[in-house]
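Work through the exercises below with the sequence and the model in view. Try each task before reading its solution.

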Amino acid sequence: MLSPPDPKRTDDLPRERFFSALLAARPLLVLTGAGVSAGSGIPTYRDRQGVWRRSDPITHQEFTGDPRQRRRYWGRSTLGWPAVSGAYPSRAHRALRELERAGVVSHIVTQNVDRLHQRAGSEKAVDLHGRLDRVRCLSCGTMSSRAALQARLLEVNPWLQRPVSALRPDGDADLRDEEIDRVTVPACDACDGMLMPDVVFFGGSIPRDRIRFCEEALRDSGGLLVLGSSLQVYSGYRFCRWAKRNQQPLFIINPGTTRADELADSRLSDEADPALEALLARLDIPTIHTNTTPETA
Ligand code: NAD
């Protein structure tokens, strides 16, 4: 159900007027959020009203400071990983790739960690919060693939090979409390250090050079389009403030409310898949319906 209109927020425009304004500002930097992967079967954290709908995700401090939290994380992640690694790009991911090729999109900055923009073939996608398909050793810095770690996790925890009833947003799934202490967590092959997914957890920090790159990419673009994000996380919301500081137009496509609705120049209440396909149609770019094979890590 769509939320009731907020009297303070920028009024939604009809699609045609929204697209005209958007295309006049091209090339656009597109900031994407979990809503873009909803069509790939990966759930969002917040609903359309911006309300949190699941248990809190792990923080950086909990992961690094508490062995039980690490067992909980890796146990749940072992269950959820097959669904994330096997997900296919949504119609929105594929449309964004076409818009990138057509020069309408300059860069895609994604808050998602699922690599679905790259699996769809986008070449200018930046993983703002990192990527789930890689693992980093916190001691020696060695990077390795999540797929290889999955094999090690299942070798030492064969009981974790079972179907999951409900996938959670960051690729984890429900694990019963009493099962947490049974989870064995492998260490780095090279130095026996602590392994962590190459993602920025809540409470962690994004590398400075990544932020600088994104800020410059926005400056070099004609405007900002935010797609499928509640913008409740500051690292995403900050892009909207940068756009306003740079006097660049801000466009938002979201079927629900976002934190930056009052800053937006134009808003469209729509889901990502039909909205972007309508934009492709407006540009006479054919919609390509073939799925792209999942990336192998
Ligand atoms: P969010 O869960 O806070 O908000 C999701 C937004 O998507 C909501 O505003 C909702 O209205 C919108 N939405 C729902 N269905 C949609 C659709 N079909 N089309 C367009 N929009 C739709 O997500 P967020 O703003 O991305 O921030 C949450 C954080 O969670 C990010 O930092 C990200 O790292 C992480 N996350 C990642 C994934 C992933 O990798 N797929 C999934 C969930 C959360």
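**Exercise 1: Polar contacts of the ligand**

Task: Find how far a backbone N or O atom of Q111 lies from an oxygen atom of the ligand.

Solution. The distance from that backbone atom of Q111 to the ligand oxygen is 2.6 Å. A polar contact is a pair of N or O atoms within 3.5 Å. Next take A34: one of its backbone N or O atoms is 2.8 Å from a ligand oxygen. Then turn to D114, where a polar side-chain atom lies 2.7 Å from a nitrogen atom of the ligand. Finally, the protein covers 95% of the 850 Å² of accessible area that the ligand has on its own (Shrake-Rupley method, 1.4 Å probe).

The model is predicted: local features need pLDDT of at least 70, side-chain atom pairs count only at pLDDT 80 or more, and totals for chains, interfaces and linings use all residues. Residues are numbered from 1 along each chain as its sequence is written, and side-chain values use heavy atoms, without hydrogens and water.

**Exercise 2: The shell**

Task: State how many residues surround the ligand, and their classes.

Solution. Counting residues with a heavy atom within 4 Å of the ligand gives 28. Y45, Q111, S229, S230 and N254 are the closest. Sorted by class, the shell holds 9 nonpolar, 13 polar (Gly counts here) and 6 charged residues.

**Exercise 3: Two backbone details**

Task: Locate a cis peptide bond and a positive phi in a residue other than glycine.

Solution. The cis bond joins R26 and P27, with omega about 5 degrees. P27 sits in the loop between α1 (15-24) and β1 (28-32); helices (H or I, at least four residues) and strands (E, at least two) are DSSP runs, numbered from the N terminus. The positive phi belongs to R115, near 65 degrees. R115 is in the loop between β2 (105-110) and α5 (116-120). Most residues other than glycine have a negative phi, and most peptide bonds are trans.

Technical notes. A polar contact is a pair of N or O atoms within 3.5 Å; within protein, one must be able to donate a hydrogen and the other to accept it, and residues adjacent in sequence count only if both atoms are side-chain atoms.
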